[in-house]
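Welcome! Here is a short tour for anyone meeting this structure for the first time. Take a look at the model below, then follow the notes topic by topic.

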Amino acid sequence: RPLDWEAIDRSLKIMQEGSDVMIVEGVGGVMVPMDEKHLVVDMMGWLGLPAVVVARSGLGTINHTLMTVRILREAGVRVAGVVVNRYPAETPGVAEETSPREIEKFGKVKVLCVVPEVKEVGGVRLSGDVVGAMDLVDWGGVGE
């Protein structure tokens, strides 16, 4: 369906009023089409918000994350940092152990936090481990 970009813009402005932090989900990645002419990266540039890239932890994540960071920067989107998600804390392999520092080194971007993989127990969506990892980040200062 066609997107009503003006309605989206109005809605975002209303949500921004009185908010300290606003998070806009990138719906699957920066190169995902939004409509016949626009990709997610186009919307991100239009919004003018800094980006936090959420990366998986396994093999291939260095390539995927560095390409995403490059595409964002080439589009003029400031990259505030990377969150490594679903890190297998109990059984990390070489790829998982080395990816965060390689992403920082080659991407010249800060890894804000590493969120451990946790199994959902009893309908709890965010375990203490996840919340603890995310609490280490000054989310209000990320966009500065």
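A residue counts as buried when its relative accessible area is under 20%, as exposed when that area is over 50%, and as partly exposed in between. By that yardstick, 29% of the 144 residues of the protein chain are buried. Please keep in mind that this is a predicted model.

**Overall layout**

- The protein chain has six helices and three strands.
- Read from the N terminus, its elements follow the order α-α-β-α-β-α-β-α-α.
- A box of roughly 45 × 35 × 30 Å, taken along the principal axes, holds the C-alpha atoms of the protein chain.

**Strands and the way they connect**

- Let us begin with strand E1, which spans residues 51-55. Its side chains alternate: Ala51, Val53 and Ala55 point to one face and are buried, while Val52 and Val54 point to the other face and are not buried.
- E1 pairs with E2 in the parallel sense, over five bridges. Across this pairing, Ala55 stands opposite Val84 in E2.
- Together, E1, H3 and E2 make a β-α-β unit that is right-handed.
- Strand E2 (residues 79-87) also pairs with E3, again in the parallel sense, this time over four bridges. Here Tyr87 faces a partner in E3, as it stands opposite Pro116.
- To get from E2 to E3, the chain crosses through helix H4 (residues 94-107), and this β-α-β crossover is right-handed.
- How much of strand E3 (residues 111-116) is covered? Most of this strand is, with five of its six residues buried.

**The nonpolar core**

- The largest nonpolar core contains 17 residues.
- Which residues have the most contacts inside this core? They are Met44, Val53, Val69, Leu72, Val79, Val82 and Val109.
- Helix H2 (40-47), strand E1 (51-55), helix H3 (61-74) and E2 each supply at least two core residues.
- E2 gives the most to this core, contributing four residues.
- Val53 links two parts of this story: this residue is on the buried face of E1 and is among the core residues with the most contacts.

**A nonpolar patch on the surface**

- Some nonpolar side chains are found on the outside too: Val52, Val54, Met134 and Trp139 form a surface patch with about 310 Å² of accessible area together.
- Val52 and Val54 in this patch come from the face of E1 whose side chains are not buried.
- Trp139 lies in helix H6 (residues 139-142). With a relative accessible area of 33%, Trp139 is partly exposed, because values from 20% to 50% fall between buried and exposed.

**The salt bridge**

- How many salt bridges does a search of the whole structure find? The search finds one.
- Its partners are Lys13 and Asp9, whose closest N and O atoms are 3.2 Å apart.
- Lys13 and Asp9 sit four residues apart in helix H1 (residues 5-16), so about one helical turn separates them.
- Both ends of the bridge are partly exposed: Lys13 has a relative accessible area of 47%, and Asp9 has one of 24%.

**Two residues with positive phi**

- Arg86 is not a glycine, yet it has a positive phi of about 60°. Arg86 lies in strand E2 and counts as exposed because its relative accessibility is 55%.
- Lys108, which is not a glycine either, has a positive phi of about 45°. Lys108 is found in the loop between H4 and E3, and at 68% relative accessibility this residue counts as exposed.

**A link between distant parts of the sequence**

- Leu49 lies in the loop between H2 and E1.
- Is Leu49 buried, exposed or partly exposed? Leu49 is partly exposed, with a relative accessible area of 23%.
- Met22 and Leu49 are 27 residues apart along the chain, and their C-alpha atoms are separated by 8.9 Å.

Definitions and conventions. Residues numbered from 1 in each chain as written. Predicted model: local features only at pLDDT ≥ 70, side-chain atom pairs only at ≥ 80, totals over all residues. Heavy atoms only, no water. Patch = residues over 30% accessible without salt bridge, like charges linked within 9 Å, V, L, I, M, F, W, Y side chains within 5 Å. Areas by Shrake-Rupley, 256 points an atom, 1.4 Å probe, with all protein chains shown as cover. Salt bridge = Lys/Arg side-chain N within 4 Å of Asp/Glu carboxyl O. Buried < 20%, exposed > 50% of the residue type's maximum accessible area, 1.4 Å probe, protein only. Pairing = 2+ DSSP bridges. Right-handed = clockwise from strand over helix to strand, strands pointing away. Core = buried A, V, L, I, M, F, W, Y, C linked by side-chain atoms within 4.5 Å.
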